[in-house]
Every structure is written in C-alpha cells, then in structure tokens.
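Q: Please take a close look at a single part of this protein and explain how that part is connected to the rest. One connected account would be preferred to a list.

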Amino acid sequence: MAKSLGIFVTNPENMQHLLGVTKAAKAKGAQVKIFFTWKGTKLAKDPAFPQLVEMADDVSICADSYKKMGYEVSDVPAGLTPDKMATQAQHGAIIESYDRYLTL
C-alpha cells in the first residue's frame, strides 16, 4: 500500500494532535487508518471525533477496550458503523499493511 499511515491511539489526551497529523497526511495524499484502544477509546466521545472519522480513510475501535472504559458496545460513536467496533486484529492490519506506523 503506497503512501499510507496507520495510527494506534492509546492516549485520550491527543485529539488535537491526531487531527493535525491526519490532516497533514491526507494533504500529502496518504491513506490513513486509525485504531483506538484502551484509554484512547475515550476520544470517541470527543466533539471532534466525527470530524476525524470524516477525514480519515478508516477508523475503528477496540470493542473490548471501549467496554472496559464504561461504554456500551452498542453505543456506536457518531460517524462509525457497528462493524467498526472491532478487535485487536485491526491493529495487526495496520502493522502488516501500512507504510508508516504512529502511536499516540
């Protein structure tokens, strides 16, 4: 996959940085996939989350982590579909298929 960036999000304090990196990568023509896990799943409740989903090519959330943070898996965040409430296999897909990898 040419010009691609996978972002693994574990920290709930990085929304502005995440938006900036995603915007910059998209401006350079890169395909961007973002996977939220552990405390990073809290960003799904950030008011900017729908904007991020619209900007990125693929966004998914670790359903198990989301549940452990106190959310119902059936409460799918704005902009996502139920199939994007996924497993850690999405993290593996980033490692396997994307040119660049970033952890926030």
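A: A salt bridge is here a side-chain nitrogen of Lys or Arg that lies within 4 Å of a carboxyl oxygen of Asp or Glu. The model is a predicted one, and by that criterion it holds 5 salt bridges. In one of them Lys26 is joined to Asp57, with 2.7 Å between the closest N and O atoms. Lys26 belongs to helix α1 and Asp57 to the loop between α2 and β3, so this pair ties together parts that are 31 residues apart in sequence. Both partners are partly exposed: Lys26 has a relative accessible area of 29%, and Asp57 has one of 41%.

The part chosen for the close look is strand β1, together with the strands it pairs with. Some context on the whole chain is useful beforehand. The chain has 4 helices and 5 strands, and from the N terminus on its elements follow the order β-α-β-α-β-α-β-α-β. Its radius of gyration is 12 Å, which agrees with the value near 13 Å that a compact globule of 104 residues would have. The C-alpha trace spans about 35 × 25 × 20 Å along its principal axes. Of the 104 residues, 44% are buried. Among contacts with a separation of 6 or more, 75% are between residues 24 or more positions apart. The chain exposes about 5500 Å², of which carbon and sulfur atoms supply 52%.

Strand β1 covers residues 4-9, and 6 of its 6 residues are buried, so the strand is largely enclosed by the rest of the structure. Its residues point in two opposite ways: Ser4, Gly6 and Phe8 point one way, Leu5, Ile7 and Val9 point the other way, and all are buried.

What does β1 pair with? Strand β2 (residues 31-36) runs parallel to β1 and is joined to it by 6 bridges. Strand β5 (residues 100-103) also runs parallel to β1, and 4 bridges join these two. Individual positions give the register of the pairing. Leu5 has Val32 as its bridge partner in β2, and Leu5 stands opposite Arg100 in β5. Gly6 stands opposite Lys33 in β2.

The connection from β1 to β2 passes over helix α1 (residues 15-27), and these three elements make a right-handed β-α-β unit. Helix α1 is also where Lys26 lies, so through its salt bridge with Asp57 this helix is tied to the loop between α2 and β3.

Strand β2 carries the arrangement further. Of its 6 residues, 5 are buried, so β2, too, is largely enclosed by the rest of the structure. It pairs with strand β3 (residues 58-62) in the parallel sense over 4 bridges. Lys33, the residue opposite Gly6 of β1, has Asp58 as its bridge partner in β3. The path from β2 to β3 leads through helix α2 (residues 49-55), and this β-α-β crossover is right-handed. Lys33 and Asp58 are also linked with Lys84 in a network of salt bridges. At these two positions, strand pairing and side-chain charge pairing therefore concern the residues Lys33 and Asp58.

Two further salt bridges lie outside β1 and its pairing partners. The side chains of Lys45 and Asp75 meet at 2.6 Å, N to O. This pair links distant parts of the chain, with Lys45 in the loop between β2 and α2 and Asp75 in the loop between α3 (63-68) and β4 (85-86), 30 residues apart. Lys45 is partly exposed at a relative accessible area of 36%, and Asp75 is partly exposed, also with 36%. In the other salt bridge, the closest N and O atoms of Asp64 and Lys68 are 2.9 Å apart. Both residues lie in helix α3, 4 residues apart, about one turn of the helix. Asp64 is partly exposed, with a relative accessible area of 44%, whereas Lys68 counts as exposed at 54%.

How values were computed: Residues numbered from 1 in each chain as written. Predicted model: local features only at pLDDT ≥ 70, side-chain atom pairs only at ≥ 80, totals over all residues. Heavy atoms only, no water. Buried < 20%, exposed > 50% of the residue type's maximum accessible area, 1.4 Å probe, protein only. Pairing = 2+ DSSP bridges. Right-handed = clockwise from strand over helix to strand, strands pointing away. Rg over C-alpha atoms; globule rule 2.2 N^0.38 Å. Contact = heavy atoms within 4.5 Å. Areas by Shrake-Rupley, 256 points an atom, 1.4 Å probe, with all protein chains shown as cover.
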